[in-house]
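Student: Please take a close look at one part of this model for me. I would like to understand the contact between the two chains.

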Number of protein chains: 2
Amino acid sequence: VARRFERVTIAGVGLIGGSLALAARAAGWMGEIVGLARNPRTLAEAQRRGIIDRGSLDPQEAARDAELLVLAVPVRAIATVARQCLPALGPSCIVTDVGSVKAPIVAALGPLLSPPRAFVGGHPIAGTDEQGPEAADPGLFRDQLCILTPDSGTDAAATESIEQLWRAVGMRVERLAPKRHDEILAAVSHLPHVLAFALVNAVTAAGIDLARYGGGSLRDATRVASSSVEMWRDILIANAPAIDIVLSRFDHEIARLREALRSGREDELVRLLTDAQRQRRGWRK
Amino acid sequence: VARRFERVTIAGVGLIGGSLALAARAAGWMGEIVGLARNPRTLAEAQRRGIIDRGSLDPQEAARDAELLVLAVPVRAIATVARQCLPALGPSCIVTDVGSVKAPIVAALGPLLSPPRAFVGGHPIAGTDEQGPEAADPGLFRDQLCILTPDSGTDAAATESIEQLWRAVGMRVERLAPKRHDEILAAVSHLPHVLAFALVNAVTAAGIDLARYGGGSLRDATRVASSSVEMWRDILIANAPAIDIVLSRFDHEIARLREALRSGREDELVRLLTDAQRQRRGWRK
(Lines give C-alpha, C1' and ligand atoms only; values in the text may rest on other atoms or scores of the structure.)
Protein backbone atom coordinates (compact mmCIF):
# COMPACT_ATOMS: atom_id res chain seq x y z
CA VAL A 1 0.00 0.00 0.00
CA ALA A 2 3.02 2.26 0.47
CA ARG A 3 2.74 5.21 -1.89
CA ARG A 4 5.38 7.74 -2.79
CA PHE A 5 3.87 11.14 -3.59
CA GLU A 6 5.61 12.66 -6.62
CA ARG A 7 3.85 16.04 -6.37
CA VAL A 8 3.16 17.37 -2.91
CA THR A 9 1.71 20.70 -1.80
CA ILE A 10 2.27 21.80 1.77
CA ALA A 11 0.07 24.65 2.89
CA GLY A 12 1.86 26.23 5.84
CA VAL A 13 5.61 25.59 5.87
CA GLY A 14 6.19 26.29 9.54
CA LEU A 15 7.14 23.96 12.39
CA ILE A 16 4.86 21.04 11.51
CA GLY A 17 4.60 21.41 7.74
CA GLY A 18 8.30 22.15 7.38
CA SER A 19 9.36 19.28 9.62
CA LEU A 20 7.16 16.84 7.71
CA ALA A 21 8.63 17.96 4.37
CA LEU A 22 12.21 17.52 5.61
CA ALA A 23 11.54 14.14 7.22
CA ALA A 24 9.41 12.67 4.42
CA ARG A 25 11.81 13.77 1.72
CA ALA A 26 14.74 12.28 3.63
CA ALA A 27 12.78 9.02 3.90
CA GLY A 28 12.15 9.03 0.14
CA TRP A 29 8.39 9.52 0.41
CA MET A 30 8.03 12.84 -1.34
CA GLY A 31 9.11 14.04 -4.82
CA GLU A 32 8.58 17.70 -5.71
CA ILE A 33 7.33 19.76 -2.78
CA VAL A 34 5.57 23.07 -3.41
CA GLY A 35 4.90 25.40 -0.50
CA LEU A 36 1.90 27.68 0.01
CA ALA A 37 2.12 30.59 2.44
CA ARG A 38 0.80 34.10 2.89
CA ASN A 39 4.21 35.69 3.36
CA PRO A 40 6.89 35.60 0.61
CA ARG A 41 9.64 35.69 3.23
CA THR A 42 8.31 32.46 4.74
CA LEU A 43 8.51 30.79 1.34
CA ALA A 44 12.01 32.12 0.72
CA GLU A 45 13.19 30.84 4.10
CA ALA A 46 11.56 27.45 3.50
CA GLN A 47 13.22 27.18 0.11
CA ARG A 48 16.60 28.22 1.52
CA ARG A 49 16.34 25.42 4.09
CA GLY A 50 15.47 22.77 1.50
CA ILE A 51 11.94 22.34 2.89
CA ILE A 52 10.30 23.14 -0.46
CA ASP A 53 11.44 23.07 -4.06
CA ARG A 54 9.40 26.13 -4.89
CA GLY A 55 6.63 28.19 -3.37
CA SER A 56 3.63 30.29 -4.26
CA LEU A 57 1.32 32.77 -2.57
CA ASP A 58 -1.52 31.62 -4.85
CA PRO A 59 -3.44 28.52 -3.66
CA GLN A 60 -4.35 27.26 -7.11
CA GLU A 61 -0.84 27.69 -8.42
CA ALA A 62 0.65 25.95 -5.41
CA ALA A 63 -1.89 23.11 -5.53
CA ARG A 64 -1.76 22.42 -9.27
CA ASP A 65 -1.73 18.67 -10.03
CA ALA A 66 -0.89 17.78 -6.42
CA GLU A 67 -1.09 14.09 -5.48
CA LEU A 68 -0.94 15.03 -1.80
CA LEU A 69 -2.05 18.24 -0.09
CA VAL A 70 -1.00 18.68 3.52
CA LEU A 71 -2.95 21.39 5.33
CA ALA A 72 -0.54 22.60 8.03
CA VAL A 73 -2.14 26.01 8.56
CA PRO A 74 -3.85 27.17 11.79
CA VAL A 75 -7.06 25.30 12.68
CA ARG A 76 -9.28 28.21 11.75
CA ALA A 77 -7.82 28.48 8.22
CA ILE A 78 -7.85 24.78 7.26
CA ALA A 79 -11.27 24.63 5.58
CA THR A 80 -10.77 27.92 3.74
CA VAL A 81 -7.36 26.96 2.36
CA ALA A 82 -8.71 23.53 1.34
CA ARG A 83 -11.51 25.16 -0.65
CA GLN A 84 -9.07 27.55 -2.35
CA CYS A 85 -6.80 24.68 -3.43
CA LEU A 86 -9.55 22.28 -4.45
CA PRO A 87 -10.05 23.17 -8.15
CA ALA A 88 -6.35 22.69 -8.94
CA LEU A 89 -5.66 19.41 -7.17
CA GLY A 90 -4.74 16.29 -9.14
CA PRO A 91 -7.62 13.90 -10.00
CA SER A 92 -6.83 11.35 -7.27
CA CYS A 93 -5.25 13.72 -4.76
CA ILE A 94 -5.24 12.80 -1.06
CA VAL A 95 -5.81 15.74 1.28
CA THR A 96 -4.77 15.54 4.93
CA ASP A 97 -4.36 18.02 7.76
CA VAL A 98 -2.51 18.36 11.06
CA GLY A 99 -5.11 20.27 13.11
CA SER A 100 -5.48 19.80 16.88
CA VAL A 101 -9.27 19.51 16.60
CA LYS A 102 -10.82 16.97 14.26
CA ALA A 103 -14.63 16.64 14.27
CA PRO A 104 -15.42 20.06 12.73
CA ILE A 105 -12.60 19.71 10.19
CA VAL A 106 -13.62 16.20 9.12
CA ALA A 107 -17.24 17.36 8.84
CA ALA A 108 -16.24 20.32 6.67
CA LEU A 109 -13.66 18.66 4.43
CA GLY A 110 -14.88 15.09 4.01
CA PRO A 111 -17.84 16.06 1.75
CA LEU A 112 -15.69 18.40 -0.35
CA LEU A 113 -13.69 15.57 -1.88
CA SER A 114 -15.32 12.90 -4.02
CA PRO A 115 -13.57 9.69 -5.13
CA PRO A 116 -10.97 9.08 -6.31
CA ARG A 117 -9.96 12.13 -4.28
CA ALA A 118 -10.07 11.63 -0.49
CA PHE A 119 -9.67 13.49 2.79
CA VAL A 120 -7.97 11.89 5.81
CA GLY A 121 -7.97 13.85 9.05
CA GLY A 122 -4.74 13.69 11.04
CA HIS A 123 -3.10 15.08 14.17
CA PRO A 124 0.60 14.52 14.71
CA ILE A 125 1.02 15.25 18.43
CA ALA A 126 4.41 16.89 18.36
CA GLY A 127 5.66 20.40 18.74
CA THR A 128 7.91 22.82 20.51
CA ASP A 129 7.42 26.41 21.66
CA GLU A 130 9.00 27.60 18.42
CA GLN A 131 7.31 28.52 15.16
CA GLY A 132 8.14 29.04 11.50
CA PRO A 133 10.36 27.28 8.95
CA GLU A 134 13.38 28.19 11.11
CA ALA A 135 12.07 25.69 13.71
CA ALA A 136 11.54 22.81 11.23
CA ASP A 137 13.28 19.65 12.37
CA PRO A 138 13.15 16.28 10.58
CA GLY A 139 13.43 14.51 13.97
CA LEU A 140 10.39 16.29 15.46
CA PHE A 141 8.00 13.36 15.04
CA ARG A 142 10.21 10.50 16.16
CA ASP A 143 8.47 8.21 18.70
CA GLN A 144 5.54 10.62 19.09
CA LEU A 145 1.88 9.74 18.56
CA CYS A 146 -0.09 10.60 15.41
CA ILE A 147 -3.86 10.16 15.53
CA LEU A 148 -5.74 9.65 12.26
CA THR A 149 -9.50 10.14 12.25
CA PRO A 150 -11.08 8.36 9.28
CA ASP A 151 -14.84 8.13 9.47
CA SER A 152 -17.24 5.78 7.70
CA GLY A 153 -16.91 7.76 4.46
CA THR A 154 -13.11 7.86 4.36
CA ASP A 155 -11.32 5.91 1.62
CA ALA A 156 -9.46 3.00 3.23
CA ALA A 157 -6.50 3.06 0.87
CA ALA A 158 -6.03 6.79 1.38
CA THR A 159 -6.05 6.30 5.15
CA GLU A 160 -3.46 3.56 4.81
CA SER A 161 -1.23 5.80 2.65
CA ILE A 162 -1.32 8.61 5.20
CA GLU A 163 -0.65 6.15 8.02
CA GLN A 164 2.43 4.85 6.15
CA LEU A 165 3.62 8.42 5.59
CA TRP A 166 3.56 9.28 9.31
CA ARG A 167 5.15 5.95 10.21
CA ALA A 168 7.91 6.70 7.70
CA VAL A 169 8.83 9.84 9.68
CA GLY A 170 8.96 7.90 12.95
CA MET A 171 5.49 8.24 14.51
CA ARG A 172 3.29 5.72 16.24
CA VAL A 173 -0.08 5.92 14.48
CA GLU A 174 -3.47 5.27 16.04
CA ARG A 175 -6.91 5.62 14.49
CA LEU A 176 -9.80 7.15 16.43
CA ALA A 177 -13.23 8.49 15.60
CA PRO A 178 -13.03 12.29 15.20
CA LYS A 179 -15.29 12.87 18.21
CA ARG A 180 -13.23 10.57 20.44
CA HIS A 181 -10.03 12.34 19.33
CA ASP A 182 -11.56 15.66 20.35
CA GLU A 183 -12.71 14.30 23.73
CA ILE A 184 -9.25 12.93 24.49
CA LEU A 185 -7.41 16.05 23.38
CA ALA A 186 -9.85 18.20 25.35
CA ALA A 187 -8.79 16.28 28.46
CA VAL A 188 -5.05 15.82 27.95
CA SER A 189 -4.15 19.07 26.21
CA HIS A 190 -6.90 21.71 25.98
CA LEU A 191 -7.92 21.40 29.65
CA PRO A 192 -4.33 21.80 30.96
CA HIS A 193 -4.05 24.96 28.85
CA VAL A 194 -7.34 26.37 30.17
CA LEU A 195 -6.22 25.63 33.74
CA ALA A 196 -2.86 27.32 33.18
CA PHE A 197 -4.50 30.49 31.81
CA ALA A 198 -7.02 30.55 34.69
CA LEU A 199 -4.35 29.86 37.33
CA VAL A 200 -2.17 32.76 36.22
CA ASN A 201 -5.18 35.07 36.19
CA ALA A 202 -6.37 33.88 39.63
CA VAL A 203 -2.95 34.39 41.26
CA THR A 204 -2.60 37.80 39.64
CA ALA A 205 -6.14 38.77 40.67
CA ALA A 206 -5.19 37.94 44.28
CA GLY A 207 -2.52 40.64 44.07
CA ILE A 208 0.33 38.12 44.24
CA ASP A 209 3.51 38.62 42.23
CA LEU A 210 4.34 35.44 40.28
CA ALA A 211 8.09 36.06 40.12
CA ARG A 212 8.42 36.96 43.78
CA TYR A 213 6.52 34.07 45.35
CA GLY A 214 6.14 31.44 42.64
CA GLY A 215 8.09 28.20 43.03
CA GLY A 216 8.43 25.04 41.02
CA SER A 217 4.84 23.87 41.33
CA LEU A 218 3.42 27.15 40.02
CA ARG A 219 6.07 27.36 37.32
CA ASP A 220 5.19 23.92 35.92
CA ALA A 221 1.45 24.39 36.31
CA THR A 222 1.49 27.65 34.33
CA ARG A 223 4.20 27.00 31.71
CA VAL A 224 1.80 26.70 28.77
CA ALA A 225 0.06 29.98 29.67
CA SER A 226 2.84 31.62 27.65
CA SER A 227 1.65 29.86 24.47
CA SER A 228 0.39 31.68 21.37
CA VAL A 229 -2.94 33.41 22.09
CA GLU A 230 -4.07 33.17 18.45
CA MET A 231 -3.39 29.45 18.20
CA TRP A 232 -5.16 28.68 21.49
CA ARG A 233 -8.09 30.96 20.79
CA ASP A 234 -8.71 28.94 17.62
CA ILE A 235 -8.28 25.52 19.24
CA LEU A 236 -10.45 26.36 22.26
CA ILE A 237 -13.24 27.76 20.10
CA ALA A 238 -13.10 24.86 17.63
CA ASN A 239 -13.31 22.28 20.43
CA ALA A 240 -15.52 24.25 22.84
CA PRO A 241 -18.23 21.57 23.29
CA ALA A 242 -15.75 18.81 24.28
CA ILE A 243 -13.86 21.22 26.52
CA ASP A 244 -17.09 22.20 28.24
CA ILE A 245 -17.77 18.55 29.08
CA VAL A 246 -14.30 17.86 30.43
CA LEU A 247 -14.44 21.08 32.46
CA SER A 248 -17.54 19.66 34.14
CA ARG A 249 -15.59 16.53 35.04
CA PHE A 250 -12.76 18.64 36.37
CA ASP A 251 -15.14 20.84 38.38
CA HIS A 252 -16.56 17.67 39.91
CA GLU A 253 -13.11 16.50 41.01
CA ILE A 254 -12.31 19.92 42.46
CA ALA A 255 -15.63 19.91 44.32
CA ARG A 256 -14.85 16.51 45.85
CA LEU A 257 -11.46 17.69 47.12
CA ARG A 258 -12.96 20.94 48.37
CA GLU A 259 -15.78 19.21 50.18
CA ALA A 260 -13.32 16.82 51.86
CA LEU A 261 -11.32 19.85 53.06
CA ARG A 262 -14.38 21.77 54.23
CA SER A 263 -15.82 18.87 56.15
CA GLY A 264 -12.43 17.72 57.46
CA ARG A 265 -12.99 14.25 55.99
CA GLU A 266 -9.39 13.05 55.96
CA ASP A 267 -10.20 9.54 54.74
CA GLU A 268 -11.85 10.91 51.61
CA LEU A 269 -9.04 13.42 51.06
CA VAL A 270 -6.40 10.70 51.38
CA ARG A 271 -8.31 8.50 48.96
CA LEU A 272 -8.48 11.25 46.30
CA LEU A 273 -4.81 12.15 46.71
CA THR A 274 -3.75 8.50 46.66
CA ASP A 275 -5.70 7.78 43.47
CA ALA A 276 -4.06 10.72 41.71
CA GLN A 277 -0.60 9.90 43.04
CA ARG A 278 -0.82 6.28 41.91
CA GLN A 279 -1.93 7.22 38.39
CA ARG A 280 0.71 9.92 38.04
CA ARG A 281 3.54 7.76 39.38
CA GLY A 282 2.44 5.03 36.97
CA TRP A 283 3.09 7.39 34.07
CA ARG A 284 6.82 7.12 33.46
CA LYS A 285 8.80 8.76 30.72
CA VAL B 1 22.68 40.99 66.21
CA ALA B 2 24.32 37.94 64.60
CA ARG B 3 24.19 35.07 67.03
CA ARG B 4 25.98 31.78 66.83
CA PHE B 5 24.00 28.98 68.49
CA GLU B 6 26.32 26.76 70.53
CA ARG B 7 23.69 24.13 71.33
CA VAL B 8 21.15 23.34 68.61
CA THR B 9 18.40 20.74 68.51
CA ILE B 10 16.95 19.80 65.15
CA ALA B 11 13.69 17.88 65.32
CA GLY B 12 13.40 16.07 62.00
CA VAL B 13 16.74 15.51 60.26
CA GLY B 14 15.37 14.96 56.75
CA LEU B 15 15.67 17.10 53.63
CA ILE B 16 15.05 20.52 55.24
CA GLY B 17 16.38 19.93 58.76
CA GLY B 18 19.42 18.05 57.47
CA SER B 19 20.22 20.62 54.80
CA LEU B 20 19.97 23.46 57.32
CA ALA B 21 22.33 21.67 59.73
CA LEU B 22 24.93 21.08 57.00
CA ALA B 23 24.71 24.61 55.62
CA ALA B 24 24.62 26.45 58.97
CA ARG B 25 27.51 24.45 60.38
CA ALA B 26 29.57 25.10 57.26
CA ALA B 27 28.83 28.82 57.67
CA GLY B 28 29.96 28.71 61.31
CA TRP B 29 26.54 29.43 62.78
CA MET B 30 25.96 26.24 64.76
CA GLY B 31 28.03 24.49 67.44
CA GLU B 32 26.84 21.14 68.74
CA ILE B 33 23.84 19.80 66.80
CA VAL B 34 21.60 17.17 68.39
CA GLY B 35 19.03 15.38 66.25
CA LEU B 36 15.57 14.22 67.28
CA ALA B 37 13.76 11.59 65.23
CA ARG B 38 11.34 8.69 65.66
CA ASN B 39 13.53 6.17 63.84
CA PRO B 40 17.01 5.20 65.09
CA ARG B 41 18.14 4.48 61.54
CA THR B 42 17.36 8.07 60.56
CA LEU B 43 19.55 9.32 63.40
CA ALA B 44 22.36 6.91 62.47
CA GLU B 45 22.25 8.04 58.85
CA ALA B 46 22.20 11.71 59.87
CA GLN B 47 25.20 11.19 62.15
CA ARG B 48 27.09 9.27 59.47
CA ARG B 49 26.60 12.20 57.10
CA GLY B 50 27.83 14.78 59.59
CA ILE B 51 24.40 16.38 59.89
CA ILE B 52 24.25 15.87 63.67
CA ASP B 53 26.83 15.27 66.37
CA ARG B 54 24.53 12.94 68.23
CA GLY B 55 20.87 11.97 68.27
CA SER B 56 18.07 10.85 70.53
CA LEU B 57 14.62 9.35 70.23
CA ASP B 58 13.61 11.15 73.43
CA PRO B 59 12.44 14.77 73.00
CA GLN B 60 13.60 15.98 76.40
CA GLU B 61 17.00 14.35 76.08
CA ALA B 62 17.45 15.80 72.57
CA ALA B 63 16.27 19.26 73.60
CA ARG B 64 18.25 19.58 76.84
CA ASP B 65 19.77 23.06 77.24
CA ALA B 66 19.16 23.93 73.58
CA GLU B 67 19.73 27.57 72.58
CA LEU B 68 17.94 26.92 69.28
CA LEU B 69 15.24 24.39 68.49
CA VAL B 70 14.40 23.92 64.81
CA LEU B 71 11.12 22.11 64.25
CA ALA B 72 11.57 20.43 60.86
CA VAL B 73 8.93 17.74 61.33
CA PRO B 74 5.71 17.43 59.28
CA VAL B 75 3.20 20.28 59.77
CA ARG B 76 0.83 18.13 61.80
CA ALA B 77 3.54 17.15 64.33
CA ILE B 78 5.07 20.58 64.93
CA ALA B 79 2.98 21.65 67.94
CA THR B 80 3.19 18.22 69.60
CA VAL B 81 6.96 17.97 69.26
CA ALA B 82 7.35 21.54 70.52
CA ARG B 83 5.38 20.71 73.67
CA GLN B 84 7.42 17.55 74.25
CA CYS B 85 10.71 19.46 74.01
CA LEU B 86 9.59 22.52 75.98
CA PRO B 87 10.54 21.54 79.56
CA ALA B 88 14.15 20.77 78.61
CA LEU B 89 14.98 23.81 76.48
CA GLY B 90 17.60 26.33 77.62
CA PRO B 91 16.32 29.42 79.49
CA SER B 92 16.56 31.81 76.52
CA CYS B 93 16.03 29.28 73.75
CA ILE B 94 14.70 30.44 70.39
CA VAL B 95 12.26 28.03 68.74
CA THR B 96 11.57 28.17 65.02
CA ASP B 97 9.91 25.94 62.47
CA VAL B 98 9.91 25.31 58.72
CA GLY B 99 6.22 24.48 58.19
CA SER B 100 4.42 25.32 54.93
CA VAL B 101 1.43 26.74 56.84
CA LYS B 102 1.94 29.46 59.43
CA ALA B 103 -1.18 30.94 61.07
CA PRO B 104 -2.22 27.82 63.06
CA ILE B 105 1.37 27.09 64.05
CA VAL B 106 2.08 30.65 65.20
CA ALA B 107 -1.20 30.64 67.15
CA ALA B 108 -0.32 27.35 68.85
CA LEU B 109 3.36 27.94 69.62
CA GLY B 110 3.61 31.67 70.29
CA PRO B 111 1.82 31.49 73.67
CA LEU B 112 3.85 28.42 74.75
CA LEU B 113 7.09 30.37 75.04
CA SER B 114 7.50 33.23 77.49
CA PRO B 115 10.47 35.63 77.49
CA PRO B 116 13.37 35.34 77.36
CA ARG B 117 12.36 32.30 75.30
CA ALA B 118 10.73 33.08 71.93
CA PHE B 119 9.05 31.47 68.96
CA VAL B 120 9.65 32.70 65.40
CA GLY B 121 7.60 31.10 62.62
CA GLY B 122 9.49 30.42 59.40
CA HIS B 123 9.07 28.84 55.98
CA PRO B 124 12.13 28.27 53.81
CA ILE B 125 10.60 27.74 50.35
CA ALA B 126 12.97 25.12 49.02
CA GLY B 127 12.74 21.44 48.37
CA THR B 128 13.08 18.59 45.96
CA ASP B 129 11.05 15.45 45.39
CA GLU B 130 13.42 13.56 47.67
CA GLN B 131 13.17 12.94 51.39
CA GLY B 132 15.29 11.90 54.36
CA PRO B 133 18.84 12.69 55.51
CA GLU B 134 20.14 11.07 52.32
CA ALA B 135 18.69 14.03 50.39
CA ALA B 136 20.22 16.72 52.64
CA ASP B 137 22.18 19.28 50.63
CA PRO B 138 23.92 22.36 52.06
CA GLY B 139 23.22 24.22 48.78
CA LEU B 140 19.45 23.60 48.92
CA PHE B 141 18.55 27.08 50.16
CA ARG B 142 20.82 29.20 47.97
CA ASP B 143 18.95 32.11 46.31
CA GLN B 144 15.56 30.77 47.44
CA LEU B 145 12.99 32.70 49.47
CA CYS B 146 12.43 32.24 53.22
CA ILE B 147 9.36 33.83 54.75
CA LEU B 148 9.38 34.66 58.48
CA THR B 149 6.07 35.34 60.17
CA PRO B 150 6.60 37.28 63.40
CA ASP B 151 3.42 38.69 64.92
CA SER B 152 2.93 41.50 67.40
CA GLY B 153 4.01 39.27 70.28
CA THR B 154 7.22 37.99 68.69
CA ASP B 155 10.54 39.06 70.19
CA ALA B 156 12.29 41.38 67.72
CA ALA B 157 15.82 40.22 68.54
CA ALA B 158 14.83 36.57 68.12
CA THR B 159 13.29 37.34 64.72
CA GLU B 160 16.50 39.11 63.69
CA SER B 161 18.61 36.12 64.80
CA ILE B 162 16.52 33.71 62.74
CA GLU B 163 16.64 36.04 59.77
CA GLN B 164 20.45 36.16 59.99
CA LEU B 165 20.58 32.37 60.19
CA TRP B 166 18.62 31.88 56.95
CA ARG B 167 20.61 34.61 55.22
CA ALA B 168 23.79 32.83 56.29
CA VAL B 169 22.71 29.74 54.33
CA GLY B 170 21.98 31.79 51.22
CA MET B 171 18.29 32.67 51.40
CA ARG B 172 16.44 35.88 50.64
CA VAL B 173 14.33 36.61 53.73
CA GLU B 174 11.01 38.40 53.76
CA ARG B 175 8.67 39.01 56.71
CA LEU B 176 4.91 38.62 56.36
CA ALA B 177 1.94 38.34 58.71
CA PRO B 178 1.11 34.63 59.23
CA LYS B 179 -2.28 35.01 57.57
CA ARG B 180 -0.81 36.74 54.50
CA HIS B 181 1.81 33.99 54.21
CA ASP B 182 -0.94 31.40 54.20
CA GLU B 183 -2.97 33.29 51.57
CA ILE B 184 0.04 33.59 49.28
CA LEU B 185 1.12 29.96 49.68
CA ALA B 186 -2.46 28.83 49.14
CA ALA B 187 -2.33 30.57 45.75
CA VAL B 188 1.20 29.81 44.54
CA SER B 189 1.70 26.31 45.95
CA HIS B 190 -1.34 24.66 47.53
CA LEU B 191 -3.68 25.53 44.66
CA PRO B 192 -1.34 24.13 41.95
CA HIS B 193 -1.18 20.90 43.95
CA VAL B 194 -4.96 20.67 44.31
CA LEU B 195 -5.33 21.31 40.55
CA ALA B 196 -2.77 18.61 39.72
CA PHE B 197 -4.55 16.02 41.89
CA ALA B 198 -7.94 16.94 40.41
CA LEU B 199 -6.63 16.97 36.83
CA VAL B 200 -5.19 13.46 37.08
CA ASN B 201 -8.44 12.20 38.59
CA ALA B 202 -10.57 13.95 35.93
CA VAL B 203 -8.55 12.51 33.02
CA THR B 204 -8.60 9.05 34.57
CA ALA B 205 -12.34 9.30 35.26
CA ALA B 206 -12.86 10.05 31.55
CA GLY B 207 -11.33 6.66 30.77
CA ILE B 208 -8.21 8.17 29.20
CA ASP B 209 -4.81 6.58 29.67
CA LEU B 210 -2.28 9.19 30.80
CA ALA B 211 0.76 7.44 29.37
CA ARG B 212 -0.81 6.76 25.99
CA TYR B 213 -2.22 10.18 25.21
CA GLY B 214 -0.56 12.59 27.61
CA GLY B 215 1.92 15.09 26.18
CA GLY B 216 4.05 17.86 27.58
CA SER B 217 1.25 20.10 28.80
CA LEU B 218 -0.40 17.33 30.84
CA ARG B 219 2.96 16.13 32.12
CA ASP B 220 3.89 19.54 33.51
CA ALA B 221 0.40 20.29 34.82
CA THR B 222 0.29 17.04 36.83
CA ARG B 223 3.93 16.64 37.93
CA VAL B 224 3.28 17.44 41.60
CA ALA B 225 0.40 14.93 41.79
CA SER B 226 3.12 12.37 42.51
CA SER B 227 4.03 14.16 45.75
CA SER B 228 3.76 12.61 49.22
CA VAL B 229 0.11 12.04 50.14
CA GLU B 230 0.80 12.33 53.88
CA MET B 231 2.64 15.64 53.54
CA TRP B 232 -0.04 17.17 51.32
CA ARG B 233 -2.94 15.86 53.37
CA ASP B 234 -1.44 17.73 56.33
CA ILE B 235 -0.74 20.95 54.45
CA LEU B 236 -4.14 21.06 52.76
CA ILE B 237 -6.00 20.44 56.01
CA ALA B 238 -3.91 22.95 57.97
CA ASN B 239 -4.52 25.67 55.37
CA ALA B 240 -8.02 24.66 54.30
CA PRO B 241 -9.69 28.07 54.89
CA ALA B 242 -7.19 30.00 52.72
CA ILE B 243 -7.29 27.30 50.04
CA ASP B 244 -11.07 27.49 49.97
CA ILE B 245 -10.90 31.23 49.27
CA VAL B 246 -8.33 30.90 46.49
CA LEU B 247 -10.33 28.05 44.96
CA SER B 248 -13.24 30.45 44.69
CA ARG B 249 -11.02 32.91 42.83
CA PHE B 250 -9.86 30.13 40.54
CA ASP B 251 -13.41 28.92 39.92
CA HIS B 252 -14.31 32.47 38.96
CA GLU B 253 -11.50 32.61 36.37
CA ILE B 254 -12.52 29.21 34.96
CA ALA B 255 -16.13 30.39 34.75
CA ARG B 256 -15.08 33.48 32.79
CA LEU B 257 -13.14 31.40 30.25
CA ARG B 258 -15.95 28.88 30.02
CA GLU B 259 -18.60 31.53 29.50
CA ALA B 260 -16.51 33.15 26.75
CA LEU B 261 -16.27 29.75 25.02
CA ARG B 262 -19.97 28.95 25.45
CA SER B 263 -21.12 32.28 24.13
CA GLY B 264 -18.48 32.43 21.41
CA ARG B 265 -17.24 35.78 22.71
CA GLU B 266 -13.82 35.80 21.08
CA ASP B 267 -12.90 39.30 22.26
CA GLU B 268 -13.35 38.28 25.90
CA LEU B 269 -11.49 34.99 25.34
CA VAL B 270 -8.56 36.77 23.71
CA ARG B 271 -8.45 39.28 26.57
CA LEU B 272 -8.29 36.54 29.22
CA LEU B 273 -5.63 34.58 27.32
CA THR B 274 -3.59 37.70 26.62
CA ASP B 275 -3.65 38.76 30.29
CA ALA B 276 -2.38 35.34 31.36
CA GLN B 277 0.22 35.14 28.61
CA ARG B 278 1.63 38.57 29.45
CA GLN B 279 1.93 37.77 33.17
CA ARG B 280 3.49 34.36 32.54
CA ARG B 281 5.97 35.63 29.95
CA GLY B 282 6.93 38.37 32.38
CA TRP B 283 8.02 35.73 34.87
CA ARG B 284 11.52 34.83 33.73
CA LYS B 285 13.86 32.41 35.40
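**The interface of chain A and chain B**

Tutor: There are 12 salt bridges between chain A and chain B. Keep in mind that this is a predicted model. One of the salt bridges joins A:Arg223 to B:Asp220. Their closest N and O atoms lie 2.3 Å apart. Polar contacts add to the picture: 30 residue pairs make them across the interface, counting pairs with both residues at pLDDT 80 or more.

Now the elements involved. On the side of chain A that touches chain B, two strands give two or more residues each: S8 (145-148) and S9 (172-175) of chain A. Helices do so too. They are H7 (178-205), H8 (210-213), H9 (216-222), H10 (229-238), H11 (240-263) and H12 (266-281) of chain A. H7(A) gives the largest share of this side, with 20 residues.

Next, the extent. Chain A brings 81 residues to the contact, and chain B brings 81 residues. About 7,600 Å² is buried between the chains. Carbon and sulfur atoms give 65% of that area. Three residues stand out on chain A: A:Tyr213, A:Arg280 and A:Trp283. Together they supply 11% of the area that chain A buries against chain B, more than any other three residues.

How do the two sides correspond? Of the interface residues of chain A, 100% are also interface residues in chain B, so the copies meet through the same surface. The superposition describes how the chains are arranged. A turn of 180° and a shift of 0.0 Å along the axis lay chain A on chain B, with an RMSD of 0.1 Å. The two copies are therefore related as by a two-fold rotation axis. In chain A, the C-alpha of A:Ala221 is the nearest to this axis, at 2.3 Å.

Finally, a sheet in chain B. This open sheet has 3 strands in the order S7-S8-S9, with mixed pairing. S7 (122-125) and S9 (172-175) of chain B stand at the edges. Each has a single partner strand, so one side of each lacks a neighbour in the sheet. From one strand to the next, the twist averages 20°. S7(B) and S8 (residues 145-148) of chain B run antiparallel, joined by 4 bridges. B:Ile125 stands opposite B:Leu145 in S8(B). Helix H6 (residues 156-168) of chain B packs on the sheet and touches S7, S8 and S9 of chain B. The direction of H6 makes about 150° with that of S9(B).

Notes: Residues numbered from 1 in each chain as written. Chains lettered and ligands numbered in written order. Predicted model: local features only at pLDDT ≥ 70, side-chain atom pairs only at ≥ 80, totals over all residues. Heavy atoms only, no water. Pairing = 2+ DSSP bridges. Axes fitted to C-alpha atoms, helices over the stretch in contact; angles between N-to-C directions. Contact = heavy atoms within 4.5 Å. Least-squares fit on C-alpha atoms with pLDDT ≥ 70 in both. Buried area = accessible area lost by both parts, 1.4 Å probe. Salt bridge = Lys/Arg side-chain N within 4 Å of Asp/Glu carboxyl O. Polar contact = N/O pair within 3.5 Å; in protein donor to acceptor, adjacent residues only side chain to side chain.
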